[in-house]
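Biologist: Hey, can you walk me through this one? I'd like the overall picture before we get into the details.

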Amino acid sequence: MCQSEARRGPELRAAKWLHFPQLALRRRLGQLSCMSKPALKLRSWPLTVLYYLLPLGALRPLSRVGWRPVSRVALYKTVPTRLLSRAWGRLNQVELPHWLRRPIYSLYIWTFGVNMKEAAVEDLHHYRNLSEFFRRKLKPQARPVCGLHSVISPSDGKILNFGQVKNCEVEQVKGVTYSLESFLGPRTSAEDLPFSPATSCSSFRSQLVTREGNELYHCVIYLAPGDYHCFHSPTDWTISHRRHFPGSLMSVNPGMARWIKELFCHNERVVLTGDWKHGFFSLTAVGATNVGSIRIYFDRDLHTNSPRYSKGSYNDFSFVTHTNKEGIPMRKGEHLGEFNLGSTIVLIFEAPKDFNFQLKAGQKIRFGEALGSL
């Protein structure tokens with residue numbers, strides 16, 4: 001008996017050691033229940049982090065006193081992604097020592113599968129910093145532009161979704177949708193916008209579909225970190241307006257897109273709208289974590305990832321002026337803009353009912369390859 005009690009001694013001490021924190025947590029949670037909501041949210045945040053990091057069941061006693069963790073989505077949204085993206089952008093501008101460039105870039109190439117044989121400059125020592133390496137140009141013959149199809153891929157990437165827009169909802173990935181009006185923003189009655197205010201889903205769609213017999217289509221292309229980071233004009237069209245939505249900079253990889261509803265509506269994005277031969281056409285560049293920098297080559301007034309912004313706000317700019325009543329004409333395949341690392345391109349356009357996509361969801365695509373045609 002004495003030996004048995006001696007063997008159980010450490011177990012009893014361990015049980016007591018585990019019991020005291022549980023009692024302390026119960027008392028602390030009782031105090032938290034009396035706090036205001038902002039204070040409660042702030043104080044419960046560390047417990048939520050522990051809840052998701054510790055092994056399953058480690059904080060089970062908390063549920064007995066009514067505590068519930070903040071959802072993973074809400075927890076992720078508290079991460080200061082804009083601040084981190086600005087810090088990353090500044091780090092990218094730091095010039096690397098000549099001897100360090102090859103090891104750093106080689107690690108990136110190996111990690112993300114970059115094909116440097118397509119780069120206009122293959123010598124890694126040529127790129128002074130990470131930003132120059134991310135925005136490297138390609139050899140002219142590396143991406144031939146398909147001339148047989150009316151719409152081509154504006155960038156390298158992966159096809160997340162495509163098809164007709166139904167009920168003013170667009171799929172970011174299969175089964176997860178976002179509102180078309182939330183994504184593009186409300187149609188205003190400003191003189192420089194060829195739209196009148198919409199009061200319902202059907203009327204909002206009718207502002208975009210300008211020709212009888214046409215349908216509204218969409219295509220979502222995800223650019224991975226290893227992809228070519230520039231994007232080009234997907235067709236011959238004229239850009240008349242730019243709308244910039246400051247917002248979050250959450251990751252837009254397919255896994256996150258399945259996790260967060262209306263992810264593209266939360267993130268910072270630049271919406272370019274205009275017309276092509278079949279009516280309305282738009283291209284939206286969506287920012288992401290470490291991709292706060294979205295650059296449109298002909299738009300010098302655009303500044304993304306600013307330190308301060310108002311949630312839900314947007315800035316409009318018209319390319320139609322008294323001296324230029326048409327806007328900015330773009331030819332298919334012409335350079336349009338670039339990301340700093342990798343992100344998402346969303347095309348929304350009207351076309352006749354017999355428009356067909358030449359795609360499969362999940363397939364890899366390169367700039368210049370066909371998206372669809374009549």
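**Overall fold**

Modeller: In this chain, 74% of the contacts with a separation of 6 or more are between residues 24 or more positions apart, contact meaning heavy atoms within 4.5 Å. Keep in mind that this is a predicted model, where local features need pLDDT of at least 70 and side-chain atom pairs count only at pLDDT 80 or more, while totals for chains, interfaces and linings use all residues. Residues are numbered from 1 along each chain as its sequence is written, and side-chain values use heavy atoms, with hydrogens and water left out.

Biologist: How many helices and strands does the chain have?

Modeller: The chain has 10 helices and 17 strands. Those are DSSP runs numbered from the N terminus: helices are H or I with at least four residues, strands are E with at least two.

Biologist: And what percentage of the residues count as buried?

Modeller: 46% of the 374 residues. Buried means under 20% relative accessible area, exposed is over 50%, and partly exposed is in between, with a 1.4 Å probe and protein chains only.

Biologist: Switching to pockets. How much space lies in the largest pocket?

Modeller: About 470 Å³. The search runs on a 1 Å grid over the protein atoms alone, and a pocket is an open set of points where a 1.4 Å probe fits, with protein on both sides within 12 Å along at least five of seven lines; lining residues have an atom within 4 Å of a point. The volume is the space filled by probe spheres set on the points, which are joined across faces, edges and corners.

Biologist: Which residues lie nearest its centre?

Modeller: Gly247, Ser248, His266, Tyr309 and Lys311, out of 21 lining residues. Helix H4 (81-92) and helix H10 (263-266) are the elements that give two or more residues to that lining. H4 has the largest share, with three residues.

Biologist: What's the chemistry of the lining of the largest pocket?

Modeller: Eight nonpolar, eight polar and five charged residues. Here Ala, Val, Leu, Ile, Met, Phe, Trp, Tyr, Cys and Pro count as nonpolar, Asp, Glu, Lys and Arg as charged, and the others, Gly among them, as polar.

Biologist: Now His244. Where is it found?

Modeller: In strand E7, residues 237-245. His244 counts as buried because its relative accessibility is 5%.

Biologist: Which side chain does His244 join in a polar contact?

Modeller: The side chain of Glu268, at 2.6 Å. A polar contact is a pair of N or O atoms within 3.5 Å; within protein, one must be able to donate a hydrogen and the other to accept it, and residues adjacent in sequence count only if both atoms are side-chain atoms. Not counting residues up to four places away in sequence, His244 also touches others, including Tyr314 and Asn315.

Biologist: What about His278, buried or exposed?

Modeller: Buried, because its relative accessible area is 14%. His278 sits in the loop between strand E8 (269-276) and strand E9 (279-286).

Biologist: How many disulfides does a search of the whole structure find?

Modeller: Zero, taking a disulfide as a pair of cysteine sulfur atoms within 2.5 Å. Cys219 counts as buried because its relative accessibility is 0%, and Cys146 does at 19%.

Biologist: Last one: where does Leu180 lie?

Modeller: In helix H7, residues 180-184. Leu180 counts as buried at 0% relative accessibility. From Leu180 to Arg205, 25 residues apart in sequence, the C-alpha distance is 8.7 Å.
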